[in-house]
Amino acid sequence: MTEPELHRRQLLVALASGAVAICCPRLAFAQDESLGASLESGPATGLSAHPARWWKSAGELRIECELCPNKCRVADRERGTCGVRENRDGKYYTLVYGRPCAMHIDPVEKKPFFHVLPGTTAVSLAAPGCNIQCKFCQNWEISQVRPEQVQTYAKSPESIVEAARRFGSPTVACTYSEPVVWSEYVFDIAAATKKAGLRTLMVSNGFIEPGAMNDLCGVLGAVKIDLKGMTEKFYKEQCVGKLAPVLDTLRLLVKRQIWTEIVTLVIPGLNDSEQEARELARFVKKDLGPDVPVHFTRFHPSYRLQNVPSTPVSTLTRARDVAIAEGLHYVYVGNVPGHPGNNTYCPGCKKMLIRRISMTTLENRIKSDHCPDCKRSIPGIWS
Ligand code: SF4
């Protein structure tokens, strides 16, 4: 398939909504000025040293962190691998609680969530840090740093809820970096939004211990997991991570009935084979169910993979075709504006339900959670 034509009028709509980047798509981690001013930014430096959850004493002032599968054993005055959790006199602290380094108003489709309140915005924020090291990270300036290396702002969970109310956003998204390593903040934001009748979305690598994920499930509205590949080799060599715990997280989310979508960034020569797309689809269908949406997203050279070319559109189309043939109901193509895989189709009658251009919803025909034509129930959070 050749590069899809982008209709000029559709592009203008997308640009007007901010859903298509017209300059560098990399996250501008300086805080969005209008949002920042509106939120009355707090002091722009400093660490929070908030008591951490999910750890246990390992004796002699040592600590074992139980938040993610790295299970760091941390000596007094040291930090774990993520660099944002510190042992002080045998007690563990998170240094990034209430200290976001980026805040934006994004279309919810940009996360991407395609089955969560289409056409709405999400107050999106990140605190510094990550627990793995992807060579293709698009936000490495805030994920692969220590909190002292970026400007942060004092924002309580309540002030995030207030921002969502002020900007008319039904959701708050913990995104951009890796929310797992700031889970205490995520939890309190999610609890505050839930109390306010809003939802918190977590955009994560899924590299988290089941105990912590279970706790978060009690307050989160929906989760998007980056399933970066289907082999341990890929996770080890490209991410310094592990695949198995991510698959376990996905199983847990579905068991807890948390709305979950999956994104795979398809990188030429590394995770782009037809066989890998087939294995991913088979895992999703068998372990999670065919209604879990999967997004195959186009890679562009970034961070430490500057020498790898952009993904051919034909590769993404093939991955989508394979996943649909394997029985998945909702398979999308991302980062290719105008591709038919931007849209949602009814798995029953095959009619188009939601028409999108990239991250902008142009038309939503779903009526009371059902296809208006064949009346099939369409899973998601629609209202
Ligand atoms: S969250 Fe950070 S400190 Fe805890 S185990 Fe993971 S990398 Fe280590």
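**Exercise 1. Thr297 and its strand**

Task: Find the residue in β13 that is the bridge partner of Leu265, and describe its surroundings in this predicted model.

Solution:
- Step 1. Start from Leu265. Its bridge partner in β13 is Thr297.
- Step 2. Place the pair in the two strands. β12 spans residues 259-266, and 5 bridges join β12 to β13. The two strands run parallel. Thr297 belongs to β13, residues 294-298.
- Step 3. Check burial. The relative accessible area of Thr297 is 11%. Buried means under 20%, so Thr297 is buried.
- Step 4. Look at the whole strand. In β13, 5 of 5 residues are buried. Val294, Phe296 and Arg298 lie on one side, with His295 and Thr297 on the other. Both faces are covered.
- Step 5. List the contacts of Thr297, leaving aside neighbours within four places in sequence. They are Val263, Thr264, Leu265, Val266, Leu316, Gly334 and Asn335.

**Exercise 2. Asn335 and Tyr303**

Task: What is the sign of phi at Asn335, and in which loop does Tyr303 lie?

Solution:
- Step 1. Recall the background. Most residues other than glycine have a negative phi.
- Step 2. Read Asn335. Its phi is near 65 degrees, a positive value. Asn335 sits in the loop between β14 and β15.
- Step 3. Add exposure. Asn335 has 37% relative accessibility, so it counts as partly exposed.
- Step 4. Read Tyr303. Its phi is also positive, at about 45 degrees, although Tyr303 is not a glycine. Tyr303 lies in the loop between β13 and α10.

**Exercise 3. His339**

Task: Is His339 buried or exposed, and which side chain does its own side chain contact?

Solution:
- Step 1. Locate His339. It is in the loop between β14 and β15.
- Step 2. Test burial. At 3% relative accessibility, His339 is buried.
- Step 3. Find the polar contact. The His339 side chain meets the side chain of Thr317 at 2.8 Å or more, namely 2.9 Å.
- Step 4. Take a C-alpha distance. Ile357 is 18 residues away from His339 in sequence and 7.9 Å away in space.

**Exercise 4. The second largest pocket**

Task: How much space lies in the second largest pocket, and which residues are closest to its centre?

Solution:
- Step 1. Take the volume. It is about 210 Å³.
- Step 2. Go to the lining. Of 13 lining residues, Arg320, Ile324, His329, Tyr345 and Pro347 are the closest to the centre.
- Step 3. Assign elements. α10 (313-325), β14 (331-334) and β15 (344-345) each give two or more residues to the lining.
- Step 4. Sort by class. The lining has 8 nonpolar, 3 polar and 2 charged residues.

**Exercise 5. A sheet of 3 strands**

Task: Which strands stand at the edges of the open sheet that holds β1, β6 and β5?

Solution:
- Step 1. Write the order. It is β1-β6-β5, with antiparallel pairing.
- Step 2. Pick out the edges. β1 (50-51) and β5 (85-88) each have a single partner strand, so one side of each lacks a neighbour in the sheet.
- Step 3. Inspect one pairing. β1 pairs with β6 (residues 91-94) over 2 bridges, in the antiparallel sense. His50 stands opposite Thr94.

**Exercise 6. Glu184**

Task: Which side chain makes a polar contact with the side chain of Glu184?

Solution:
- Step 1. Locate Glu184. It is in helix α5, residues 183-195.
- Step 2. Test burial. Its relative accessibility is 3%, so Glu184 counts as buried.
- Step 3. Name the partner. The side chain of Arg85 lies 2.8 Å away.
- Step 4. Widen the view beyond four places in sequence. Glu184 also touches residues including Pro51, Trp54, Thr94 and Tyr97.

**Exercise 7. A hairpin and a cis bond**

Task: How many residues lie between β2 and β3, and which two residues does a cis peptide bond join?

Solution:
- Step 1. Pair the strands. β2 (residues 55-59) and β3 (residues 62-65) are antiparallel, with 4 bridges. Ser57 stands opposite Ile63.
- Step 2. Describe the turn. The hairpin has 2 residues between its strands. Glu60, in the turn, has a positive phi of about 50 degrees.
- Step 3. Find the cis bond. It joins Lys111 and Pro112, with omega about -10 degrees. Pro112 is in the loop between β7 (102-107) and β8 (121-126).

Terms used: Residues numbered from 1 in each chain as written. Predicted model: local features only at pLDDT ≥ 70, side-chain atom pairs only at ≥ 80, totals over all residues. Heavy atoms only, no water. 1 Å grid on protein atoms, 1.4 Å probe; cavity = no way out; pocket = protein on both sides within 12 Å on 5 of 7 lines; lining within 4 Å. Points joined across faces, edges and corners; volume = space filled by probe spheres on them. Nonpolar A, V, L, I, M, F, W, Y, C, P; charged D, E, K, R; others polar. Pairing = 2+ DSSP bridges. Buried < 20%, exposed > 50% of the residue type's maximum accessible area, 1.4 Å probe, protein only. Polar contact = N/O pair within 3.5 Å; in protein donor to acceptor, adjacent residues only side chain to side chain. Contact = heavy atoms within 4.5 Å.
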